[in-house]
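Got your viewer open and a hand on the selection tool? Let's take a short walk through this model, one stop at a time.

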Amino acid sequence: KEKIKKKVMAVLGCLLIIVCGLMLAALLTNVPVGYSDAEAATIGRKYYYGLPFPHYTAPGETSMGTWGQVMMLFPFNAMFWTAAVAFLSCIPSRKIRWRRIVGVLLTEAALFALICFGPMPF
(Lines give C-alpha, C1' and ligand atoms only; values in the text may rest on other atoms or scores of the structure.)
Protein backbone atom coordinates (compact mmCIF):
# COMPACT_ATOMS: atom_id res chain seq x y z
CA LYS A 1 0.00 0.00 0.00
CA GLU A 2 2.85 2.40 0.79
CA LYS A 3 4.56 1.59 -2.54
CA ILE A 4 1.41 2.46 -4.48
CA LYS A 5 1.14 5.77 -2.65
CA LYS A 6 4.78 6.61 -3.48
CA LYS A 7 4.24 5.74 -7.16
CA VAL A 8 1.08 7.83 -7.39
CA MET A 9 2.83 10.81 -5.78
CA ALA A 10 5.78 10.42 -8.18
CA VAL A 11 3.44 10.39 -11.19
CA LEU A 12 1.56 13.45 -9.92
CA GLY A 13 4.85 15.25 -9.32
CA CYS A 14 5.95 14.37 -12.85
CA LEU A 15 2.72 15.73 -14.31
CA LEU A 16 3.03 18.91 -12.25
CA ILE A 17 6.57 19.47 -13.55
CA ILE A 18 5.39 18.95 -17.14
CA VAL A 19 2.47 21.37 -16.71
CA CYS A 20 4.78 24.00 -15.20
CA GLY A 21 7.23 23.59 -18.08
CA LEU A 22 4.45 23.93 -20.65
CA MET A 23 3.10 27.04 -18.95
CA LEU A 24 6.55 28.64 -18.82
CA ALA A 25 7.12 27.88 -22.50
CA ALA A 26 3.74 29.36 -23.41
CA LEU A 27 4.32 32.49 -21.34
CA LEU A 28 7.84 33.07 -22.63
CA THR A 29 6.71 32.74 -26.26
CA ASN A 30 5.77 36.44 -26.10
CA VAL A 31 9.01 37.76 -24.59
CA PRO A 32 10.86 40.01 -27.10
CA VAL A 33 14.54 39.09 -27.44
CA GLY A 34 15.71 41.26 -30.35
CA TYR A 35 15.22 42.36 -33.93
CA SER A 36 16.99 42.34 -37.28
CA ASP A 37 16.92 44.79 -40.18
CA ALA A 38 18.54 42.35 -42.60
CA GLU A 39 15.24 41.68 -44.42
CA ALA A 40 13.90 45.24 -44.22
CA ALA A 41 13.70 45.55 -48.01
CA THR A 42 11.53 42.43 -48.45
CA ILE A 43 9.37 41.66 -45.41
CA GLY A 44 10.37 44.43 -43.03
CA ARG A 45 12.13 44.37 -39.69
CA LYS A 46 12.14 40.92 -38.07
CA TYR A 47 11.23 40.87 -34.38
CA TYR A 48 12.31 37.79 -32.44
CA TYR A 49 10.22 36.43 -29.57
CA GLY A 50 10.56 33.46 -27.22
CA LEU A 51 13.24 31.83 -25.12
CA PRO A 52 15.50 29.85 -25.61
CA PHE A 53 14.63 29.23 -29.31
CA PRO A 54 13.09 32.41 -30.70
CA HIS A 55 10.61 32.69 -33.54
CA TYR A 56 10.23 35.83 -35.59
CA THR A 57 7.46 38.02 -36.84
CA ALA A 58 7.58 40.84 -39.35
CA PRO A 59 5.10 43.27 -40.92
CA GLY A 60 5.28 41.35 -44.23
CA GLU A 61 4.94 37.92 -42.61
CA THR A 62 1.55 36.24 -42.55
CA SER A 63 -0.03 35.40 -39.21
CA MET A 64 -0.20 31.73 -40.20
CA GLY A 65 3.52 31.76 -40.97
CA THR A 66 4.28 33.21 -37.56
CA TRP A 67 1.91 30.76 -35.85
CA GLY A 68 3.56 27.89 -37.71
CA GLN A 69 6.97 28.94 -36.40
CA VAL A 70 5.62 29.12 -32.87
CA MET A 71 4.11 25.64 -33.13
CA MET A 72 7.26 24.15 -34.65
CA LEU A 73 9.50 25.57 -31.90
CA PHE A 74 7.11 25.07 -28.99
CA PRO A 75 8.07 21.43 -28.23
CA PHE A 76 11.76 22.36 -28.02
CA ASN A 77 11.08 25.37 -25.79
CA ALA A 78 8.72 23.28 -23.64
CA MET A 79 11.34 20.55 -23.22
CA PHE A 80 13.92 23.16 -22.20
CA TRP A 81 11.66 24.77 -19.60
CA THR A 82 10.45 21.41 -18.32
CA ALA A 83 14.08 20.36 -17.78
CA ALA A 84 14.69 23.65 -15.97
CA VAL A 85 11.68 23.06 -13.70
CA ALA A 86 12.79 19.46 -13.09
CA PHE A 87 16.23 20.65 -12.00
CA LEU A 88 14.62 23.32 -9.78
CA SER A 89 12.44 20.65 -8.19
CA CYS A 90 15.63 18.98 -6.94
CA ILE A 91 16.63 22.03 -4.87
CA PRO A 92 14.67 21.15 -1.70
CA SER A 93 16.35 17.75 -1.39
CA ARG A 94 19.78 19.14 -2.45
CA LYS A 95 20.27 16.10 -4.63
CA ILE A 96 19.86 15.84 -8.38
CA ARG A 97 17.40 13.05 -9.08
CA TRP A 98 18.32 11.90 -12.56
CA ARG A 99 15.55 9.30 -12.68
CA ARG A 100 12.95 12.01 -12.13
CA ILE A 101 14.47 14.33 -14.73
CA VAL A 102 14.86 11.64 -17.38
CA GLY A 103 11.40 10.27 -16.64
CA VAL A 104 9.81 13.70 -16.97
CA LEU A 105 11.59 14.44 -20.25
CA LEU A 106 10.75 11.03 -21.73
CA THR A 107 7.11 11.42 -20.69
CA GLU A 108 6.92 14.85 -22.30
CA ALA A 109 8.64 13.60 -25.47
CA ALA A 110 6.12 10.76 -25.66
CA LEU A 111 3.29 13.28 -25.19
CA PHE A 112 4.53 15.47 -28.03
CA ALA A 113 5.13 12.43 -30.25
CA LEU A 114 1.59 11.25 -29.58
CA ILE A 115 0.21 14.70 -30.43
CA CYS A 116 2.33 15.16 -33.57
CA PHE A 117 2.45 11.65 -34.97
CA GLY A 118 -0.60 10.04 -33.41
CA PRO A 119 -3.61 8.74 -35.31
CA MET A 120 -5.19 11.37 -37.51
CA PRO A 121 -8.94 11.93 -37.00
CA PHE A 122 -9.65 12.08 -40.74
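Is Trp 98 buried or exposed? Keep in mind that you are looking at a predicted model. Select Trp 98 and show its surface: this residue is exposed, with a relative accessible area of 53%, and exposed means over 50%.

**Stop 1: an aromatic pair**

Keep Trp 98 selected and add Phe 87. A search of the whole structure finds five aromatic pairs, and Phe 87 with Trp 98 is one of them, an edge-to-face pair. Set a distance between the ring centres and you should get 5.6 Å, with 85 degrees between the planes. Now colour by helix: Phe 87 belongs to helix α2 (residues 63-88), while Trp 98 belongs to helix α3 (residues 98-117). The two residues are 11 apart, and their pair links distant parts of the chain. Phe 87 itself counts as partly exposed, because its relative accessibility is 35%.

**Stop 2: a charge over a ring**

Next, select Lys 46 and Tyr 56. Lys 46 lies over the face of Tyr 56, at 4.0 Å from the ring centre.

**Stop 3: the largest pocket**

Which residues line the largest pocket? Select Lys 6, Lys 7, Ala 10, Gly 13, Cys 14 and Ile 17, then add Ser 89, Arg 99, Arg 100, Gly 103, Val 104 and Thr 107. The elements that give two or more residues to this lining are α1 (2-27) and α3. Of the elements, α1 gives the most, with six residues. Colour the selection by class and you will find four nonpolar, four polar and four charged residues. The volume of this largest pocket is about 360 Å³.

**Stop 4: the cavity**

Hide the pocket and look for enclosed space instead. How many cavities of 30 Å³ or more does a search of the whole structure find? The search finds one. The largest cavity holds about 30 Å³ of space. To see what surrounds the largest cavity, select Thr 29, Phe 53, His 55, Val 70, Leu 73, Phe 74 and Asn 77. Helix α2 provides the largest share of this lining, four residues. Colour by class once more: the cavity lining has four nonpolar residues, three polar and no charged.

**Last view**

To finish, show α2 as a cartoon with the selections from the first and last stops. Phe 87 of the edge-to-face pair sits in this helix, and α2 also gives four residues to the lining of the largest cavity.

How values were computed. Residues are numbered from 1 along each chain as its sequence is written. This is a predicted model: local features need pLDDT of at least 70, side-chain atom pairs count only at pLDDT 80 or more; totals for chains, interfaces and linings use all residues. Side-chain values use heavy atoms; hydrogens and water are left out. Rings of Phe, Tyr and Trp (its six-membered ring) pair if their centres lie within 6.5 Å; planes under 30 degrees apart count as stacked, over 60 as edge-to-face and the rest as tilted. Buried means under 20% relative accessible area, exposed over 50%, partly exposed in between (1.4 Å probe, protein chains only). A charge sits over a ring if NZ of Lys or CZ of Arg is within 6 Å of the ring centre and within 35 degrees of the ring normal. On a 1 Å grid over the protein atoms alone, a cavity is a set of points where a 1.4 Å probe fits but cannot get out, and a pocket is an open set with protein on both sides within 12 Å along at least five of seven lines; lining residues have an atom within 4 Å of a point. Grid points are joined across faces, edges and corners, and a volume is the space filled by probe spheres set on the points. Ala, Val, Leu, Ile, Met, Phe, Trp, Tyr, Cys and Pro count as nonpolar, Asp, Glu, Lys and Arg as charged, and the others, Gly among them, as polar.
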